[in-house]
Amino acid sequence: MLNANSYYWDVCGLTKYKSDFLSDLKNDIASLYTTHSKKEVILKISNINKNFNNLKLYYRLLKDIGEHDYIEKEVTNLKENYKKAIVFHQNLLARNNINFSKTKKSNSYHSLNYKEVVSNFTFKSPIPEREDAVSKPYLEQEIANSKNRNHRNKAFQQLYTPYIENYERLSYMMIDFIRDNYQTNNITFQKDIIYQVISGTKEHIYLLERLLTIKKEFLQVTTLEPYDLPFYINPSEKIDIEKAFYIIHNSVKFLGDEITKNIDKGLKEGRFDILPKKEKYPGAYCVKINNNIGSYLLTNYHSDLDSLFTLAHEIGHYISNDLDDGDRKVITILSEVNAIVTELIVLKYLLNNANTIEEKGMYIEYYIEFFRENIFSQVMFTEFEIDIHTKIPNTAYFEPYHLKELYKQHLRNYYINTNIENSEEAFGFLRIPHLFTPFYSFNYSLAFLLGIEIVNNLLIDKRFLKKYVISLRKISQYEDFEDFLKDLNIEINNETIKKSFSELSSLINDFEFVLNKN
């Protein structure tokens, strides 16, 4: 059993690196004035920018625990000195046609970014007697778990209301962003992989239809509404934080003692801020500052299955951060793969250790929903992205209405026999922050497919397990996710995709069996 008594970051442990960070930056900036080699200036500026990025992450962690005020003034002074040093070398840099400042088009919709706008949203309670229940996570839980369909509907409406009220503003931000950053001809991943996954998903759309039919029959409705889609037939059990760590610990221990010891060590050092508290940063993340400081993990644990798997996901990041010796940023797809692998390991552990048929049904349904969200929904988002990155730059007058209609068209293609036309879900694209990071959504689909392949191999092949742990130790060294796949001797192809959907088909069969037993 893990020691889960420390739930908040150790402030002393986190802030003791203040002097190192600030003095290193101060010395690097000062040394710019005595550096006259163009090459050395460029290298130093690159290093300073990297340290400022590290400082940004560090500052964010301090802000989350309310310990940021004391460095604010010092950071402001550093930035001013840095600007002066850049001006000092401006003529030298200009001669070499080097520009270190990225200017952004002046545009009324660029004055605030998407996250800044959405962070100011307020949500109303769908239930009069619960006026305190106004948070976004509460509304999402109500939609997923409430047996009262009217409550789910009201929660769904309240969840979407701020987005609909800001429909034009957010839509124009998205349109302007895509005009400036369209990347259909410069997709991060190979195009053939994207289209292969899209094609494979569409071939198996009938499995999504089967799932929706099961849900429709259980709810005894003629037409599914979008607020019915996330609803769990088997509601989540309560899982306190001690039990959550017990489950995760036992799930991952077959990967090796080093991994479980690192998790224990993170807990003892106060690196995990787990429980919700007033004015705490929402959501969840795990961030590695550098090798000296290591990683810190934040979640807002609510004692349910969603919270358990969110914690498992972030611990997946923590595991790979901790094993990795490098100081380079891990490419996004590999970072997500290792987090999803941990989630799937925990899920399969729970399925194998369920004590009752009802408990097993709950975990099967969660796995199916996990599949729906990461494959069907994310692939749909990717198709939508391809569309808007193709059409917006080539259309003189592209309006918010066109965005909404395009999104509805993709919803119709995937969620057949679901009432999309007059639903708030038609504005669902406004709730996808990843659209401001082109083709990021595809990371989830690809990471999930790779995760299934990796976990199925980990559970049966000790040699593969050894290769996987070795790959984690050098995860930041990979410049391309394909090199990672070569080291593991796996690939994404039609066969891999079919195997994943075959697993989904078996899960749906098992789910129907459980429902019939009940």
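**Exercise 1. Strand pairing**

Task: In which sense do β2 and β3 pair, and over how many bridges? Then work out the strand order of the sheet and which strands stand at its edges.

Solution.
Step 1. Strand β3 covers residues 294–298, and its pairing with β2 is antiparallel, over 5 bridges. The model examined here is a predicted one.
Step 2. Look for a facing pair: V287 stands opposite Y296, a residue of β3.
Step 3. Put the strands in order. The sheet is open, has 3 strands in the order β1-β3-β2, and shows mixed pairing. β1 and β2 (285–290) each have a single partner strand, so they stand at the edges and one side of each is left without a neighbour in the sheet.

**Exercise 2. The residue before β1**

Task: Where does R271 lie, is R271 buried or exposed, and which side chain does its own side chain contact?

Solution.
Step 1. R271 is found in the loop that runs between α13 (257–268) and β1 (272–273).
Step 2. Compare its accessibility with the cut-off. Buried means under 20% relative accessible area. R271 has 11%, and therefore counts as buried.
Step 3. The side chain of R271 is joined to that of E269 by a polar contact of 2.6 Å.
Step 4. Set sequence against space: R271 and L297 are separated by 26 residues in sequence, while their C-alpha atoms are 6.2 Å apart.

**Exercise 3. The loop after β3**

Task: Which backbone oxygen does the side chain of T299 reach? State also where T299 lies and whether it is buried or exposed.

Solution.
Step 1. T299 belongs to the loop between β3 and α14 (305–323).
Step 2. The relative accessibility of T299 is 2%, so T299 counts as buried.
Step 3. The side chain of T299 reaches the backbone oxygen of I274, at 3.1 Å.

**Exercise 4. Salt bridges between parts of the chain**

Task: How many salt bridges does the structure hold? For D228 with R152, and for K215 with E369, give the distance and the elements that carry the residues.

Solution.
Step 1. The count is 17 salt bridges.
Step 2. In the bridge between D228 and R152, the closest N and O atoms are 2.8 Å apart. This pair links distant parts of the chain, 76 residues apart: D228 sits in the loop between α11 (205–219) and α12 (241–252), and R152 sits in helix α8 (residues 149–165). Both D228 and R152 are buried.
Step 3. K215 and E369 form a salt bridge through their side chains, at 4.0 Å from N to O. K215 is in helix α11 and E369 is in helix α16 (residues 357–391), so the pair ties together parts 154 residues apart in sequence.
Step 4. Check burial for this second pair. K215 has 5% relative accessibility and counts as buried. E369 is buried as well, with a relative accessible area of 4%.

**Exercise 5. A partly exposed pair and a network**

Task: What are the relative accessibilities of E237 and K243, and which residues are joined into one salt-bridge network?

Solution.
Step 1. The side chains of E237 and K243 meet in a salt bridge of 3.9 Å, N to O.
Step 2. E237 is at 23% and counts as partly exposed. K243 is at 35% and is also partly exposed.
Step 3. E405, K408, R412 and E421 are joined into one network by salt bridges that share partners.

**Exercise 6. Inside and surface**

Task: Where does I333 lie, and where does L459 lie? State whether each is buried or partly exposed.

Solution.
Step 1. I333 is in helix α15 (residues 332–352). Its relative accessible area is 2%, so I333 is buried. The C-alpha atoms of I333 and Y440 are 8.7 Å apart, although 107 residues separate the two in sequence.
Step 2. L459 is in the loop between α18 (441–458) and α19 (462–473). At 45% relative accessibility, L459 counts as partly exposed.
Step 3. L459 makes a nonpolar surface patch of about 310 Å² together with F254 and I460.

**Exercise 7. The whole chain**

Task: How many helices and strands does the chain have, and what share of its residues is buried?

Solution.
Step 1. The chain has 21 helices and 3 strands.
Step 2. Of its 518 residues, 53% are buried.
Step 3. The accessible surface is about 25,200 Å², and carbon and sulfur atoms account for 47% of this.
Step 4. Take the contacts between residues at least 6 apart in sequence: 76% of them join residues at least 24 apart.

Terms used
Residues numbered from 1 in each chain as written. Predicted model: local features only at pLDDT ≥ 70, side-chain atom pairs only at ≥ 80, totals over all residues. Heavy atoms only, no water. Helix = DSSP H or I, 4+ residues; strand = E, 2+ residues; numbered from the N terminus. Buried < 20%, exposed > 50% of the residue type's maximum accessible area, 1.4 Å probe, protein only. Polar contact = N/O pair within 3.5 Å; in protein donor to acceptor, adjacent residues only side chain to side chain. Pairing = 2+ DSSP bridges. Patch = residues over 30% accessible without salt bridge, like charges linked within 9 Å, V, L, I, M, F, W, Y side chains within 5 Å. Areas by Shrake-Rupley, 256 points an atom, 1.4 Å probe, with all protein chains shown as cover. Contact = heavy atoms within 4.5 Å.
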